Amino acid sequence: MLKLSEIMTRDVVTVAPETTLREAIELFTAKHISGAPVVRGHELVGVVSASDILEFAASLPERLEESIDDSPWSETTNEDDTERADPVPGSYYTTPFAGEGGDVANRLEGAREASVLDAHSVDEVMTHHAIALSPNDSVLTAADVMRGHSIHRVLVVDDGKLVGILSTIDLARAVAEHRVTTKTYVFNKDRDFCGTRFPR
């Protein structure tokens with residue numbers, strides 16, 4: 001039976017708990033991965049995925065609006081400032097940028113989102129109880145665990161030390177290369193027929 005040690009990725013990309021969400025996303029994009037183990041020194045403390053970060057970001061609309069209201073871009077003013085300021089039409093600020101309004105708005109919105117991603121770290125969104133298997137476990141065991149827990153990766157740990165990671169890509173590659181096989185025995189594999197064992 002094919003073992004995890006035979007198909008796992010050994011050069012594991014990891015992140016630290018204090019890595020910002022922005023840094024994690026940039027790393028995932030650069031390495032073409034969708035998640036990574038979270039390591040503090042040599043200690044495995046969890047796993048984080050792009051899905052974790054997306055779920056966290058999707059839960060932030062109210063907090064995002066609050067941070068925008070408190071930002072220097074906020075349009076709220078105090079009454080004393082309004083009395084002293086000369087009324088200036090809004091077109092004064094937008095005319096020099098005619099034709100670029102959408103682009104400017106997109107950049108400002110991107111800056112707001114970036115500041116939220118910079119303000120939060122991996123330890124806020126990661127899964128603390130990562131599922132790990134041994135390098136000697138079978139690939140079919142790993143596939144069953146991944147299916148049962150609806151996860152895309154399993155950490156491979158030997159004596160408490162992270163030695164690899166098995167992702168759905170690793171599994172798909174093994175299947176495509178016909179490395180995952182099962183044997184079907186017409187008779188039992190011990191060649192024991194009716195209590196009489198036949199020589200091989």
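Helices and strands here are DSSP runs, numbered from the N terminus. With that in hand, let's walk through this predicted model.

**The whole chain**

Start with everything shown as a cartoon. You should find 9 helices and 7 strands. Now colour by burial: of the 200 residues, 28% are buried. Switch to a surface and you are looking at about 14,100 Å² of exposed area, with carbon and sulfur atoms supplying 52% of it. As for how the chain meets itself, take the contacts with a separation of 6 or more: 60% of them join residues 24 or more positions apart.

**Stop one: helix H2**

Select residues 21-31, which make up helix H2. Which of its residues are buried? Show side chains for Leu21, Ala24 and Phe28, and there they are. These three sit on the same side of H2, because the arc they cover around the axis is only 60 degrees. A bit of background helps: an α-helix has 3.6 residues a turn, so residues three or four places apart point the same way. Spin the view to the other side of H2 and pick out Thr29 and Ala30, which are exposed.

Then step off the end of the helix. His32 follows H2, and its phi is positive, near 60 degrees. Most residues other than glycine have a negative phi.

**Stop two: two loops around E4**

Next, select Ser150, in the loop between helix H8 (139-149) and strand E4 (153-158). Its phi is positive too, near 50 degrees. Is Ser150 buried or exposed? At 63% relative accessibility it counts as exposed, since the cut-off for that is over 50%.

Follow E4 along to the loop between E4 and E5, and select Asp159 there. Asp159 is another residue other than glycine with a positive phi, this one near 55 degrees. Asp159 has 77% relative accessibility, so it counts as exposed.

**Stop three: the second largest pocket**

Finish at the second largest pocket, which holds about 320 Å³ of space. To centre your view, select Ile33, Ser34, Gly35, Ile165 and Ser167, the closest to the pocket's centre among the 18 residues that line it.

What supplies the lining? Strand E1 (35-40), strand E5 (161-167) and helix H9 (168-176) each give at least two residues. H9 has the largest share, with 4 residues. Colour the lining by class and you get 7 nonpolar, 7 polar and 4 charged residues.

Key. Residues numbered from 1 in each chain as written. Predicted model: local features only at pLDDT ≥ 70, side-chain atom pairs only at ≥ 80, totals over all residues. Heavy atoms only, no water. 1 Å grid on protein atoms, 1.4 Å probe; cavity = no way out; pocket = protein on both sides within 12 Å on 5 of 7 lines; lining within 4 Å. Points joined across faces, edges and corners; volume = space filled by probe spheres on them. Nonpolar A, V, L, I, M, F, W, Y, C, P; charged D, E, K, R; others polar. Buried < 20%, exposed > 50% of the residue type's maximum accessible area, 1.4 Å probe, protein only. Contact = heavy atoms within 4.5 Å. Areas by Shrake-Rupley, 256 points an atom, 1.4 Å probe, with all protein chains shown as cover. Arc of directions from axis to C-beta.
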